[in-house]
Amino acid sequence: EAMKIGRHDRSYLVELSDNSAWRIWPGDISKTLKWLPTTEIDVVRVEHQVCSYALVDRSDGSLVRVIKADTDWPVDTVRQLLSTG
């Protein structure tokens with residue numbers, strides 16, 4: 001079942017209707033700017049160097065990599081991955 005956006009008042013954090021809270025990968029924040037409270041989101045498992053979950057917008061299939069909101073991104077890894085694309 002799809003989740004809805006519960007709160008998204010900070011660009012890098014999103015809370016879903018199931019009360020789960022997620023920190024958005026810095027390179028994916030722009031994909032979330034069009035999200036509305038009615039946007040349907042699926043939480044899926046992914047294989048990625050620093051995260052194992054993604055949020056998928058059902059309307060267009062765009063994928064946003066995330067970690068639990070109470071976790072911080074490993075700064076050195078983020079810097080390296082963002083600089084290499």
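These are my notebook entries on a predicted model, taken one topic at a time.

**Ground rules**

I number residues from 1 along each chain as its sequence is written, and my side-chain values use heavy atoms, with hydrogens and water left out. Since this is a predicted model, local features need pLDDT of at least 70 and side-chain atom pairs count only at pLDDT 80 or more, while totals for chains, interfaces and linings use all residues.

**The sheet**

I started with the strands. Helices (H or I, at least four residues) and strands (E, at least two) are DSSP runs, numbered from the N terminus. Six strands form an open sheet in the order 1-2-3-6-5-4, with antiparallel pairing. Two strands pair if DSSP finds at least two bridges between them. Strand 1 and strand 4 are the edge strands, each pairing on one side only. I also looked up the twist: neighbouring strands of this sheet are turned by 35° against each other on average, direction ignored. For that angle, axes are lines fitted to C-alpha atoms (for helices over the stretch in contact), and angles run from 0 to 180 degrees between N-to-C directions.

Then I went through some pairs:

- Strand 1 (residues 5-10) and strand 2 are antiparallel over three bridges. Isoleucine 5 has leucine 16 in strand 2 as its bridge partner, and a hairpin links the two strands through two residues.
- Strand 3 and strand 6 are antiparallel over three bridges. Here isoleucine 24 is matched with valine 66 in strand 6.
- Strand 5 and strand 6 are antiparallel over four bridges. Valine 56 has leucine 63 of strand 6 as its bridge partner. These two strands form a hairpin with five residues between them, and glycine 61 in the turn has a positive phi of about 75°.

**An odd backbone angle**

Which residue other than glycine has a positive phi? I found asparagine 19, with phi near 70°. Most residues other than glycine have a negative phi, so I made a note of it. Asparagine 19 sits in the loop between strand 2 (13-16) and strand 3 (21-24). Asparagine 19 is exposed, at 61% relative accessible area. My cut-offs: buried is under 20% relative accessible area, exposed is over 50%, and partly exposed is in between (1.4 Å probe, protein chains only).

**The cores**

Next I checked the nonpolar cores, meaning sets of buried Ala, Val, Leu, Ile, Met, Phe, Trp, Tyr and Cys residues joined through side-chain atoms within 4.5 Å. The largest has 12 residues, among them Met3, Ile5, Trp22, Trp35, Leu55 and Val64. Strand 2, strand 3 and strand 6 (63-68) each supply at least two residues of this core. A second, separate core has seven residues, including Trp25, Val50, Cys51 and Leu81. In soluble globular proteins, nonpolar side chains tend to be buried together.

What does valine 64 touch? Leaving out residues up to four places away in sequence, I get Ile24, Asp28, Lys31, Thr32, Trp35, Ala54 and Leu55. Contact here means heavy atoms within 4.5 Å.

**Salt bridges**

How many salt bridges does the structure hold? I get 10, each being a side-chain nitrogen of Lys or Arg within 4 Å of a carboxyl oxygen of Asp or Glu. I looked at three of them more closely.

- Aspartate 28 and lysine 31 meet at 3.8 Å, N to O. Aspartate 28 is buried at 2%, whereas lysine 31 is partly exposed at 34%.
- Aspartate 57 and lysine 34 have their closest N and O atoms 3.6 Å apart. This pair links distant parts of the chain, 23 residues apart: aspartate 57 is in strand 5 (residues 53-57), lysine 34 in the loop between strand 3 and strand 4. Aspartate 57 is buried at 2%, and lysine 34 is partly exposed at 44%.
- Aspartate 76 and arginine 79 have their closest N and O atoms 3.7 Å apart. Both lie in helix 1 (residues 75-84), three residues apart, about one turn of the helix. Aspartate 76 counts as exposed at 60%, and arginine 79 is exposed at 55%.

Salt bridges that share partners also join Lys4, Glu40, Asp42 and Arg58 into one network.

**Aspartate 42**

I followed aspartate 42 further; this residue is in strand 4 (residues 41-45). Its side chain makes a polar contact of 2.7 Å with that of arginine 58. A polar contact is a pair of N or O atoms within 3.5 Å; within protein, one must be able to donate a hydrogen and the other to accept it, and residues adjacent in sequence count only if both atoms are side-chain atoms. Among the residues aspartate 42 touches, not counting those up to four places away in sequence, are Glu1, Ala2 and Val56.
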